[in-house]
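Biologist: Please take me through the reasoning behind the terms used for this model.

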Amino acid sequence: MSADDIRRAELAANLARVRARIDAARSTAGRTDEVTLVAVTKTYPASDVALLADLGVTEVGENRDQEAAPKAAEIGDRVRWHFVGQLQRNKVKSVSGYADVVQSVDSVRLATALDRAAAAHGRIVDVLLQVSLDADAHRGGAVPGDADPDRGLDPTAAAVADAGALRLAGLMAVAPLGVPPEKAFSRLAEIAAAFHVDHPTATVLSAGMSDDLESAVSYGATHVRIGSALLGKRH
Ligand SMILES: *Cc1c(COP(=O)(O)O)cnc(C)c1O
């Protein structure tokens with residue numbers, strides 16, 4: 001077998017395991033709706049993205065523009081590209097050129113900059129608002145109940161909803177370190193329920209990674225972002 005065949009077999013086995021975990025979690029939660037797998041390919045080469053696409057993966061996540069831009073240029077629209085990392089405003093021009101979904105919008109200023117950049121490319125970008133589940137919000141993410149345009153969830157949602165080149169698609173969160181995922185994701189489910197009252201069509205809930213996807217699915221995640229369980233441990 002060539003190195004490519006070996007890697008393909010390894011990714012196929014990992015993908016089968018991850019899909020089985022998602023299905024088991026859906027079944028435990030009594031869910032009949034789909035849960036979308038976003039393969040987070042950061043630190044792994046474009047050749048892995050191509051293999052995953054061959055294996056039926058349609059959604060790919062990256063967290064750094066310097067790495068994502070060349071991979072997206074190489075692979076193109078064989079997959080949908082999700083930007084899942086902290087987004088600096090000086091990167092919106094590049095990111096809005098290839099990202100189909102930006103999962104990490106957390107301020108009015110970022111939303112406005114991303115809207116302008118997407119419009120300049122003539123593209124519509126789906127946006128998830130990253131929600132902070134940390135009491136003190138140092139790690140990024142918009143804060144529910146905060147009216148400050150620099151970090152409030154409601155003003156950021158309004159800015160995205162009003163933006164011509166952005167589509168408000170839902171919410172994203174990362175469970176904080178040192179907190180049981182059940183606690184973080186049950187809080188996220190409450191935030192999402194309140195959010196849906198004002199934004200009923202923004203139904204995406206992106207939560208859950210390799211170590212906590214079962215908990216996220218039990219609390220209603222529609223998208224899970226899986227890196228190491230699919231591609232291997234990052235070094
Ligand atoms: C790296 C990353 C993931 C995937 O994490 P794993 O633990 O490797 O599954 C998910 N979401 C974000 C925002 C990430 O940066």
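Modeller: About 420 Å³ of space lies in the second largest pocket, a volume being the space filled by probe spheres set on grid points joined across faces, edges and corners. The model is predicted: local features need pLDDT of at least 70, side-chain atom pairs 80 or more, while totals for chains, interfaces and linings use all residues. Residues are numbered from 1 along each chain, and side-chain values use heavy atoms, without hydrogens and water.

Biologist: What makes this a pocket?

Modeller: On a 1 Å grid over the protein atoms alone, a pocket is an open set of points with protein on both sides within 12 Å along at least five of seven lines, where a 1.4 Å probe fits; lining residues have an atom within 4 Å of a point. Of the 18 lining residues, Val40, Lys42, Met209, Arg225 and Arg234 are the closest to the centre.

Biologist: Why is the ligand said to sit in the second largest pocket?

Modeller: The term requires more than half of a molecule's atoms to lie within 2 Å of the grid points; the ligand sits in this pocket, so it meets that condition.

Biologist: What makes the pair formed by the ligand and Arg234 a polar contact?

Modeller: The limit is 3.5 Å between N or O atoms. A ligand oxygen is 2.7 Å from a side-chain N or O atom of Arg234, therefore the pair qualifies.

Note on methods. A polar contact is a pair of N or O atoms within 3.5 Å; within protein, one must be able to donate a hydrogen and the other to accept it, and residues adjacent in sequence count only if both atoms are side-chain atoms.
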